[in-house]
Amino acid sequence: MRRVPWILAALVAFVCVAVVVPAWAGREKEKDVTLEQVPAAVRETILKEAGDNKIEEIEEVSVDGKVVYYEAEWETGGKEVEIKVAPNGKLLKKEIEDDDDDDDDDDDDDDDDD
């Protein structure tokens, strides 16, 4: 009978995630911005990470009107680099993908095993 509380807790957690995550994602808005429009701390992080590479795109991502992070993209050595930076300049995430990978797929695609 000790399993019941754990099963109940897992079920409640699953329902919360299933309801809250899609609702939050639907409120997320992206807006193209320039390097000059981002806060100084964000600009510093982007420039440090990009180095001499040409920054192709910067987006401001907000939820319910509040900026939650900035996203910047550039190419280097045939790979696409994408970073996410908090409004305070902290690097949150860095992804590097082969240029020929599908932009919408963050996972390695093993469907070409034929």
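1. On helix α2 (helices being DSSP runs of H or I of at least four residues, strands runs of E of at least two, both numbered from the N terminus), the face turned away from the buried side carries the exposed residues A40, E44 and K48, where exposed means over 50% relative accessible area, buried under 20% and partly exposed in between (1.4 Å probe, protein chains only). This is a predicted model, in which local features need pLDDT of at least 70 and side-chain atom pairs count only at pLDDT 80 or more, while totals for chains, interfaces and linings use all residues. Residues are numbered from 1 along each chain as its sequence is written, and side-chain values use heavy atoms, with hydrogens and water left out.

2. The buried residues of α2, which spans residues 40-50, are V42, T45, I46 and A50. They lie on the same side of α2 because they cover an arc of only 120° around the axis, the arc being that of the directions from the helix axis to the C-beta atoms. Their cover includes β2 (55-63), β3 (66-76), β4 (79-85) and β5 (91-98), and α2 is followed by G51, whose phi is positive, near 60°.

3. The whole structure holds five salt bridges, each defined as a side-chain nitrogen of Lys or Arg within 4 Å of a carboxyl oxygen of Asp or Glu. One of them joins R27 and D64 at 2.9 Å, N to O; R27 lies in the loop between α1 (3-26) and β1 (28-32) and D64 in the loop between β2 and β3, so the pair ties together parts 37 residues apart in sequence.

4. Another salt bridge joins K79 to D98, with the closest N and O atoms 2.5 Å apart, and links strand β4 to strand β5.

How values were computed: Contact means heavy atoms within 4.5 Å.
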